[in-house]
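Please open the model in your viewer and keep the sequence panel beside it, since this tour moves from one selection to the next.

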Amino acid sequence: KGFEVYFQPIIDMKTEKIHSMEALLRFECDEFGKISPLEFIPLFEESDLIIPVGRWVLDQALKAVSMFSNIKVQINMSYVQVLKTPALNDILNIIKNYKIENNQLVIELTESGFIESDRFFVSFCNRLKENGILLALDDFGTGNNNMMAVDIFAPHIVKLDRSLITDIENDVDKQEYYFYYRDSFHKRGIKVLAEGIESREEYEFLRDNGIDLVQGFYLGRPE
């Protein structure tokens, strides 16, 4: 009760059309009103409530995307779900239930939430890809050993954290980081997604400098 799944568009900059939608969990109750995911997600992970809630989000998101034949949905999966549940089986069963293509789903793993050297998580990522499910590394730039994580997980998409993007059109240091990461990922065949775009200036700088995908309030709020 009180949970809703919202969707935020992700734009393909080659066509400037919708590439996919990110499914975002929101919670509201009578007593406290709207509560930020930054507050309730850590509590859910500590108590393992993230397991049934995460499975429900996956079900709702794939149900929504089943209504379209040419759009993808991106879903963030908690390390708790990966560690403590048959996550891949859950994913494949829900995909089968809604009769969608495996490559319509993008699983996002948060860079800072995983131990890059853990063979279990590497195996999980490999099995996702073997089954045609796309993999994104989320919040890139907020953790340690960034490029090591990219090389170990070999994602299809890397999502640059907003901290690397804010006011980038005026920040030479951020521009240098961006060009380095963009070129490094493109050499590996990885698409680059900039998240948290909130201004026309940020959008235009990234559009003119080789970004693949973008999302943020400037392009559409979750709804």
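## A tour by selection

Begin with the second largest pocket, which has a volume of about 210 Å³. To find it in this predicted model, select Tyr6, Arg26, Phe27, Lys34 and Ile35, which are the closest to its centre of the 13 residues that line the second largest pocket. If you then colour the lining of this pocket by class, you should find six nonpolar, two polar and five charged residues.

Which strands each supply at least two residues of this lining? They are strand E1 (3-12), E2 and strand E3 (33-35), and the largest share, three residues, comes from E2.

Next, select E1 and E2 together, and follow the two strands as they run antiparallel, joined by 10 bridges. One pair to pick out is isoleucine 10 and its bridge partner in E2, serine 20. Between these two strands the hairpin has four residues, and glutamate 16 takes a positive phi near 55° in this hairpin.

Keep E2 selected and add E3, which also runs antiparallel to E2 and is joined to it by three bridges. Here you can look at glutamate 28, which stands opposite lysine 34 in E3; Lys34 has already appeared on this tour, among the residues closest to the centre of the second largest pocket.

Now replace E3 with E4, and notice that E2 and E4 run parallel, with four bridges between them. In this pairing, alanine 23 has isoleucine 75 in E4 as its bridge partner.

From E4, move on to E5, which runs parallel to E4 and is joined to it by four bridges; valine 73 has leucine 105 as its bridge partner in E5. Five bridges then join E5 to E6, and these two strands run parallel as well, with threonine 110 standing opposite aspartate 138 in E6.

Stay on E5 for a moment and ask how many of its six residues are buried. Six of the six are buried, so E5 is largely enclosed by the rest of the structure. In a regular strand, the side chains alternate between the two faces of the sheet. To see both covered faces of E5, select Leu105, Ile107 and Leu109 on one side, and then Val106, Glu108 and Thr110 on the other.

With Glu108 still in view, select lysine 159, whose side chain makes a polar contact with the side chain of glutamate 108 (2.9 Å). Lysine 159 is found in strand E7 (residues 157-160). Is this lysine buried or exposed? Because its relative accessibility is 0%, lysine 159 counts as buried. Leaving aside neighbours within four places in sequence, its contacts include Glu22, Gln74, Asp138, Phe140 and Gln215.

Finish with the largest pocket, which has a volume of about 1200 Å³. Select Glu22, Leu24, Pro37, Asn76 and Asp138, the closest to its centre of the 38 residues that line the largest pocket. Among the elements that give two or more residues to this lining are helix H1 (37-47), helix H2 (50-65) and helix H3 (79-84), as well as strand E5 (105-110) and strand E6 (134-140). Colouring this lining by class as before, you should find that its residues divide into 16 nonpolar, 11 polar and 11 charged.

Methods:
Residues numbered from 1 in each chain as written. Predicted model: local features only at pLDDT ≥ 70, side-chain atom pairs only at ≥ 80, totals over all residues. Heavy atoms only, no water. Buried < 20%, exposed > 50% of the residue type's maximum accessible area, 1.4 Å probe, protein only. Polar contact = N/O pair within 3.5 Å; in protein donor to acceptor, adjacent residues only side chain to side chain. Contact = heavy atoms within 4.5 Å. 1 Å grid on protein atoms, 1.4 Å probe; cavity = no way out; pocket = protein on both sides within 12 Å on 5 of 7 lines; lining within 4 Å. Points joined across faces, edges and corners; volume = space filled by probe spheres on them. Nonpolar A, V, L, I, M, F, W, Y, C, P; charged D, E, K, R; others polar. Pairing = 2+ DSSP bridges.
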